[in-house]
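Grab your viewer and work through a few short exercises. Try each one before reading its solution.

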Amino acid sequence: MPCRANILITELFDTELIGEGALPSYEHAHRHLVQANCEAVPHRATVYAQLVESRRMWSWNKLFPIRVQTSRGERVIIPPLELERCPGAPSVCDIQLNQVSPADFTILSDVLPMFSVDFSKQVSSSAACHSRQFEPLVSGRAQVVLSWWDIEMDPEGKIKCTMAPSWAHSDPEELQWRDHWMQCVYFLPQEEPVVQGLALCLVAYHDDYCVWYSLQKTSPEKNGRVHPVRPVCDCQAHLLWNRPRFGEINDRNRTDQYIQALRTVLKPDSVCLCVSDGSLLSMLAYHLGVEQVFTIENSAASHRLMKKIFKANHLEDKINIIEKRPELLTPADLEGKKVSLLLGEPFFTTSLLPWHNLYFWYVRTAVDQHLGPGAVVMPQAASLHVVVVEFRDLWRIRSPCGDCEGFDVHIMDDMIKRALDFRESKEAEPHPLWEYPCRSLSEPQQILTFDFRQPVPLQPIHAEGTIELRRCGRSHGAVLWMEYHLTADSTVSTGLLKPAEDEGDCCWNPHCKQAVYFFNTTLDPRAPPGSSQTVTYTVEFHPHTGDITMDFTLSDALDTASGDQDQHLDTRLLF
C-alpha cells in the first residue's frame with residue numbers, strides 16, 4: 001500500500017461474532033494498515049446475554065438419569081460423575097433461537113450488554129473477561145446463557161443490524177431472517193440455583209476466537225480470577241455425542257418406545273448383540289432381563305465412554321464390550337454363543353443423511369453367521385419417506401440475489417449456479433428442520449422399504465411413483481427421512497412426528513436432521529386448485545455401493561407443454 005488507509009471496511013463476523021478471527025484481523029489492520037483516526041465500517045459491535053433455565057436446552061449438554069421399570073423393581077441408569085462435572089463441548093451451539101418455544105425456557109435475567117468492540121480504535125485479541133452484575137428476575141436454576149450481538153454501521157448508531165431474537169427485539173415485525181448469523185446457546189459448566197433479587201455476576205470470557213460464560217457471586221476482578229481458561233470436554237461424551245444426540249438419548253418418550261418394544265421380543269435366555277455407536281440400549285436390555293449382552297463399539301473413544309458408563313452403573317461385569325469391526329467378529333468374541341437378539345437404534349456417528357444409518361443393515365449381514373435359528377432383529381425393517389414442502393425461509397439459501405441495493409450481482413448468481421450444478425444441486429442436504437418452518441403440499445409417502453430380517457439383497461431395490469400436490473403453494477423441494485419399525489406395532493420416525501395438516505407447519509423430529517432436496521424450478525402457486533400438479537419420482541437403492549439415486553420430475557398443468565425438468569440425486573452411504 002502506498003500509504004495507510006483512513007477507512008476500514010470488513011465483514012469478519014460469525015454467529016459468535018469473533019469466531020472467524022475478527023479480533024486478530026482488526027488488531028493487525030490497526031497496527032499495520034490503517035491510520036490512527038480511521039473510520040471502520042461497521043463501527044462498533046456489542047454482545048448481549050440473557051440467563052435462562054431450560055430443561056430442553058440443558059438436555060443437549062448433560063446426560064439425565066434414565067428410569068426403567070423392571071420385574072425386579074425400578075432401575076436407574078445414571079451418568080458417570082466425570083460426565084456430570086464436565087463443562088461440555090467448547091464450541092458454541094448456534095441455532096435459530098426464534099424456533100425454540102417460549103414454554104421451553106424461563107428467563108432469569110434481563111438482557112445484559114456484556115462487552116463492546118470499537119472497530120475504529122486499536123483492537124486486542126488477548127484473552128479477557130467482562131462481568132455484569134444483575135438481580136435474577138425469578139428464582140430458578142441457571143443453566144444456559146442465550147447470546148447474540150448487534151453492529152452499528154456508523155458512529156452515530158443510526159444504521160444498526162441486530163441478531164436479537166423476537167422477544168428481545170424492539171420491533172419483532174421487522175425481524176430479518178438469517179441463516180449466516182443466528183443466535184448462540186452457551187451452557188454453564190454446572191447448573192446453579194439463583195434467588196430472585198439476590199445479586200450475582202454473569203461473566204463473559206473470550207480469547208481470540210471463542211466466547212464462554214460463568215456465573216459468580218462477585219466479579220472476577222474482586223476474587224482475583226481474571227485469567228480465563230477455556231473449558232474443554234474431559235469426559236469424552238461431548239466428543240462422541242453431538243448436542244442433538246444428547247437430546248435424543250434424554251428423550252423420555254423415545255426411550256419408553258424402545259423399552260416397550262424390547263419387552264415384546266426379549267426372553268429370559270436371550271443372548272443380545274447391540275450394534276450402534278455409544279448406545280444405551282444394551283443397558284436397557286440387561287435391566288429388562290436379558291441373560292447375556294454384548295455390544296460392539298468400533299472406536300476407541302466410544303469403547304472408553306461406554307466402559308465408564310457401565311462402571312458407574314456397576315455393569316462392567318454384566319455387559320461385554322467388543323472393540324472391533326462387525327465383519328471381524330468371531331465365535332470366541334461371543335463366547336461360543338449364538339445371538340438370539342440383534343439390537344440397534346440404529347445410530348452411527350459418521351451418518352450425515354437419514355439413510356446413512358442403513359449401515360445397520362450391512363452390519364446385520366456381516367454377523368449373519370453368528371445369528372441363531374429364529375433370531376430376532378430389532379428394528380426389523382426401515383422405510384424411506386418423502387413429502388413435498390413449501391419453506392417459509394429456508395428456500396432463500398438457494399435463491400439468486402439478482403439486484404441487491406442497486407448492485408447487479410447476476411454474475412455471482414451465475415457463478416453459484418454453475419458450482420451447484422456441478423454437484424450440489426443433484427444432492428440432498430441435511431438440515432434440522434425443526435429450526436426451519438415449512439408446510440406440506442403433499443401427503444407423506446413411503447417410497448422404499450428395507451427388510452432387516454434378511455441380509456442385504458444382491459439386486460437393487462427400485463420404486464417409482466407419483467406424488468400429488470394437494471395444497472396450493474410453491475414447491476421448494478422434497479424432504480426425505482427414515483422410519484424404523486422396531487416391531488410390527490412400534491415405529492420410530494426420524495422425520496415427521498405428526499400427520500401433515502392443511503394448515504400449520506410440519507412437526508419434525510428435533511433430534512435428527514432430515515434430507516432436503518431443493519427443486520431447481522418451483523410450481524406456480526397461482527395454479528387453480530383443480531389443476532393437475534404432481535411430482536413423479538424414480539428411486540433406487542444400490543446394495544453393492546450403498547448409493548441411493550433419485551429422479552424427480554415436476555409437472556405443472558399450466559405449463560406441461562414447455563417440458564419437465566429432470567433432477568437427479570446421487571448420495572453415498574459412508575461405510
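Below are three exercises on cysteines, a sheet and a surface patch. This is a predicted model, where local features need pLDDT of at least 70, side-chain atom pairs count only at pLDDT 80 or more, and totals for chains, interfaces and linings use all residues. Residues are numbered from 1 along each chain as its sequence is written, and side-chain values use heavy atoms, with hydrogens and water left out.

**Exercise 1.** Work out how many disulfides the structure holds, then check C86 and C93.

Step 1: a disulfide here is a pair of cysteine sulfur atoms within 2.5 Å. The count comes out at zero.
Step 2: C86 has its nearest cysteine sulfur, from C235, 3.7 Å away, and is in no disulfide.
Step 3: for C93, the closest cysteine sulfur sits in C184 at 8.9 Å, so that's too far for a bond.
Step 4: C86 is buried (under 20% relative accessible area, 1.4 Å probe, protein chains only), because its relative accessibility is 0%. C93, at 7%, is buried too.

**Exercise 2.** Find the strand order of the sheet containing β13.

Step 1: the order is β9-β13-β14, an open, antiparallel sheet.
Step 2: β9 (128–134) and β14 (211–216) each have a single partner, so one side of each lacks a neighbour in the sheet.
Step 3: β13 (residues 200–206) pairs with β14 over six bridges (pairing takes at least two DSSP bridges). Y205 stands opposite W212 in β14.

**Exercise 3.** Place M412 in the structure and classify its exposure.

Step 1: look in helix α11, residues 410–422.
Step 2: M412 is partly exposed (between 20% and 50% relative accessible area), because its value is 34%.

Terms used. Helices (H or I, at least four residues) and strands (E, at least two) are DSSP runs, numbered from the N terminus.
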